[in-house]
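Here is a friendly walk through the model on your screen. Keep the sequence and the 3D view side by side as you read.

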Amino acid sequence: MTASSPTSTPKLSCKHVWKLYGKGADQHLRNIDVAGQGAAEARDLAQSIRDEGGIVASTDVSFDVLPGEIFVIMGLSGSGKSTIVRCLSRLVEPTAGEILLDGEDLLKVSSKELIDIRRHKMGMVFQSFGLMPHLNVLENVAFPLKLQGLGDKERLERAKRVISLVGLEGRESSFPSQLSGGQQQRVGIARSLAVEPEVWFLDEPFSALDPLIRRQMQDEFLRLQQELHKSIVFITHDFLEALRIADRMAIMKDGAVVQIGRPVDLILNPVDDYVREFTKDVPWELILTAGDVASGNAPPAGIKEVPASTNVADLLPYLASHDSGVAVRKDDTLVHMTSQNVIAALASGVSDASAVKD
Amino acid sequence: MDSSSDRSLVVWLAVTVLVAICVVFAKNLGPLVIYPDALVLPVTDPMNTAMRWFVVTFGWFFKAISWLLDWPILLAKSLLHAVPWAAWFVLWIYLALRAGGRGLAIFTAISLMYMVTFGFWSQSMNSFALVVVSIPMAVALGFALGTWGFLSDRAYRIIMPILDLMQTVPAFAYLLPILLLFGFGTTVGLVASILFAFPPMVRNTIVGLRGVPDEVIESGLMSGATPSQLFWRVRVPTAQRQILLGVNQTTMASLSMVIIASIIGGTNDIGWEVLSTMRKAQFGESLLAGIVIALMAMVLDRITWGFAVQSSPTKRGAAGWIICAVLFGAAWLLALLFPPFKDWPEAWVLNPAPAMNAGLEWIFVEFRTVLEAIKRAALFYLMLPIKIGLSQAVSPFTWGFAMTPAVTTGYSLIVAAVAAYFSFKGKLLPALWVILFALVLYSGLTGLAWVALSAVIVALAWQAGGKNLALWALAGVAFLLLTGIWEPSVISLYLCGVGVLLSFIFGSAIGTWASENDTVSRMVRPVIDTLQTMPLFVILIPFVMVFKIGEFTALLAIIVYAIVPAIRYTEHGLRNLPHDVIEAATAIGTTPRQLLWQVKLPLAVPSIMLGLNQTIMFGISMLVITALVGTDDLGQQIYIGLGDGDFGVGMTAGIGMAIIAMIADRITQGFSQQIQARLGVKLNESL
Ligand SMILES: Nc1ncnc2c1ncn2[C@@H]1O[C@H](COP(=O)(O)OP(=O)(O)OP(=O)(O)O)[C@@H](O)[C@H]1O
Ligand SMILES: [Mg+2]
């Protein structure tokens, strides 16, 4: 995982995107300046559209994806994750809003330019793979290149290269129906990488796989990203998956983004119960680091010093027997951390405080 | 009791009273019983005049098409004849091997060998030439229309009803206008075959293209497909299997129509061979040629089907084709060296026909009494009562007593007792239906006043589909009356009705048995599969051989063909019930018998109703063909129209037949939907 500095310009950015379905879908937003209204106004508007029988799949969605970043979108089924990622690739035409790829509004490009962008800049992986049943592995992977009219030699060369990247050498002439789910998704991944895209969309790529294979695929995915440094939008409804791979993530509900931040921000400072619900069962000791829970105060002199990235779990035995706590080195400053800080951090993830009555 | 069943009761009471009046006062009601000729509109003459004008004015256009189409036929024919049979052998066996493995290859080899050794090769190739030319045209036409229907909703709404109509018009009726427009010749068979064969292709294309999963489309788009790439490289290949199933159905329809078209004569093909020998009562020869058609149908079906279901390609080999080409050449060379590999010598042709005829003769002599008894029993105790009614059919000569006033009174009393029993149990509607049935049985369908029969039909339509369907039925009945084809229509109704009734009773019984017993299922399956692929008039041959021409033969042919869907849908319906319901019922402790009668059958009713619907459709398509064995129904009118080139007569009869088919279709569909709604299930599969 590469932490990107907040100052870099976004690769892809999504501004006030709305998508409506159902009757009168193109009427509701006709005279509304979507960029000019606040979050509360947007929420009321969405509600009034729903009351009139419209379907709001995306409500005023805005976020940025930085170069080389893995941006995860999470939410319950029907919360509009697929819709928003399809808006980003214009598989679904947004009803309103802007989508900027390298600063250029994707919604304004002609269909010819769009095809060109998809051929060279975008790749997408689907939940149920979306492989062509009549093509074998090699042909499936080479399919986008074939559509571009690339010559046989270069096409097959590039296809073979990505096939070996995903570890499918030797299965080139198998057909999708002869592969397991995990292998099929590797084909899907290879195909989306064959065009060497800059932005990479993955819509619940591992949801159809069983837990063991899913873990293995996540590891491979991270390995690939370490080599390739794509800008990634990754959809999942599994918080643990998000935790493992996300640099930053957004949580969606009823078509709207509820919170954006690093996974640990979401755990430590959930904006509402919906977000807390997701983070509740996370084995916190795996994620919390000394830097996350330490107080802002300077440490008293003469206590032990640990780096900010130390896992809290590893400090527990020490903190249990040392009330004075430890000093945590954040960049070049030292801050104080005691067992009190750990308890406070954990408490923020718990909404039900009624176990002890006053 | 709710208001809708109240209304049913009123309607059926009115109908019953009307029918009763018509039966009791049949002698006094004159024009209400027999539709007066004076009220028949003279439609046939104007139709003929219009057609003649059309032919004179636009005939050149169709002649030109005919001339154009002659070329590919000629080409196909000369190609099929020029290449020695031994070389075709190689190609076919290779195709069979690829499509269905060794079993199919052996079956194909035996079939081809049969054609050669029994001396039918050349006639078979004449028929096959038409099939070969018509398939690509029908496929292209069907694919184009299917694509259009897929792309445009409006096109879909236009195309679908037309297809429905085309598929209810009997095959025979297609021939007549085509014959008049294109003139005698092989093109008639070709054009008829294209028109008859393209609708299944349209349907399958639409179904296939619609069924492509969204994610496949989206992944195509994300691969940067242009609209045309998306269609040709993503949608079409993904829908390939369904489209190929369309090709399979188109092939079968095409062959079937090519065979039927030989009825117009002038073609030395295999269909003509069957017909001409049948007409000369050379049944042995007819059967031998009929077997060729059956074999062709089975081979073509299995091969095209085999290619279609290899939906997930697992191997591809150019090597096989090269070997095939080499062997093809070798076989050709061999034929040059040994002429019998090209032209099977006359002297070597097997001809068991005389022996078969002699054997048949022997059977007639030996079993005459048995055969006669079967035929007479069916005729006197089943067919005639329904056709002319108990009042006419019962005589001392057949039943051993006459319909004296005393007997009639007895009959009425029994009916009254049964009806009283039902009404006593609160089942008023069934009580009415018993009375109605008894009345109809008493006077017979042909003896029933037209007013009464029309009322029954319209009431049925109303019960099944409400006011709209009733209006449609009324319009249909009016057409039959006004164009003067009421009488043959009633005969059609009677023949088809009896046939369908029996097919349905036996078929659902067999289907039920097959659903409970795997051995039975395995035995029944290939038989019904084969019957379904068989071109219709092949089915006639064995019955004509044994029972000669007549309504009884027609009835048997209808039953044997129409029983197929009855069996299929019943078994399917019973075997595909929700598991949890069956398990729950078993857990409660039902006996297998109770399970079948009280759980499975009631749940399978919608599927069985769909089977009834298909049974009727199959029955009607066979009915038209049975005109060949001398029925006097609408099919015969079509046949006569075809023979005399009388457009008006043939066409009104053809439309009449289609109207009957459509009304029967909508009525059974309507009932099926009502039952589905009551059970809360949704069925839309077709088998
Ligand atoms: N074509 C459409 N027509 C009408 N409504 C739609 C359409 N596509 C999506 N929706 C609605 O938009 C909402 C969001 O759907 P979306 O597929 O984006 O959810 P999701 O978060 O991806 O859910 P899942 O986790 O089940 O994939 C849903 O309520 C859905 O019913
Ligand atoms: Mg989704």
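## A pair of strands to begin with

In chain A, strand 9 (residues 248-253) and strand 10 run antiparallel to each other and share five bridges. Helices (H or I, at least four residues) and strands (E, at least two) are DSSP runs, numbered from the N terminus, and two strands count as paired if DSSP finds at least two bridges between them. If you want one residue pair to click on, A:K253 has A:A256 of strand 10 as its bridge partner.

Before going further, please note that this is a predicted model, in which local features need pLDDT of at least 70 and side-chain atom pairs count only at pLDDT 80 or more, while totals for chains, interfaces and linings use all residues. Residues are numbered from 1 along each chain as its sequence is written, chains are lettered from A and ligands numbered from 1 in the order in which they are written, and side-chain values use heavy atoms, with hydrogens and water left out.

## The six-stranded sheet

Strands 9 and 10 belong to an open sheet of six strands in chain A, ordered 6-7-8-3-9-10 with mixed pairing. At its edges are strand 6 (122-125) and strand 10 (256-261) of chain A, each paired on one side only. Ignoring direction, neighbouring strands of this sheet are turned by 15° against each other on average.

Helix 6 (residues 181-194) of chain A lies across strand 6 and strand 7 (199-203), and runs at about 170° to strand 6. Such angles run from 0 to 180 degrees between N-to-C directions, with axes taken as lines fitted to C-alpha atoms, for helices over the stretch in contact.

## The four-stranded sheet

Chain A also has an open sheet of four strands in the order 2-1-4-5, with antiparallel pairing. Its edge strands are strand 2 (55-65) and strand 5 (104-105) of chain A, and each of these pairs on one side only. Helix 2 (residues 81-88) of chain A packs on this sheet, touching strand 1, strand 2 and strand 4, and its direction makes about 120° with that of strand 1.

Strand 1 of chain A pairs antiparallel with strand 2 over seven bridges, and A:L12 stands opposite A:V65 there. Strand 1 (residues 12-21) also pairs antiparallel with strand 4 (residues 96-101), over five bridges. On that side, A:W18 stands opposite A:A96, and A:C14 has A:I99 as its bridge partner. Why is strand 1 of chain A largely enclosed by the rest of the structure? It is because seven of its ten residues are buried, where buried means under 20% relative accessible area, exposed over 50% and partly exposed in between (1.4 Å probe, protein chains only).

## Chain A as a whole

Chain A has 13 helices and 13 strands, and its C-alpha trace spans about 70 × 55 × 35 Å along its principal axes. Buried residues make up 51% of its 358 residues. Of the contacts (heavy atoms within 4.5 Å) in chain A between residues at least 6 apart in sequence, 68% join residues at least 24 apart.

An unreviewed UniProt entry carries the annotation "domain: ABC transporter" for residues 40-279 of chain A; UniProt positions are given in the numbering used here, feature names are shortened, and annotations may be inferred rather than shown by experiment. That span is 45% helix and 22% strand, and its end C-alpha atoms lie 25 Å apart.

## Three residues to look up

A:H237 sits in the loop between strand 8 (231-236) and helix 8 (239-245) of chain A. Its relative accessible area is 44%, so A:H237 is partly exposed. Apart from neighbours within four places in sequence, A:H237 is in contact with A:M74, A:G75, A:E204 and A:S207. A:A301, in the loop between helix 11 (290-293) and strand 11 (305-307) of chain A, counts as exposed because its relative accessibility is 79%.

In chain B, B:R235 is found in helix 9 (residues 227-238). Which side chain of opposite charge is nearest to B:R235? It is B:D214, 6.9 Å away, and B:R235 is buried yet has no salt bridge. Here Lys and Arg count as positive and Asp and Glu as negative, with His and the chain ends not counted; a salt bridge is a side-chain nitrogen of Lys or Arg within 4 Å of a carboxyl oxygen of Asp or Glu. Not counting residues up to four places away in sequence, B:R235 touches B:F150, B:L209, B:V212, B:I217 and B:L230.
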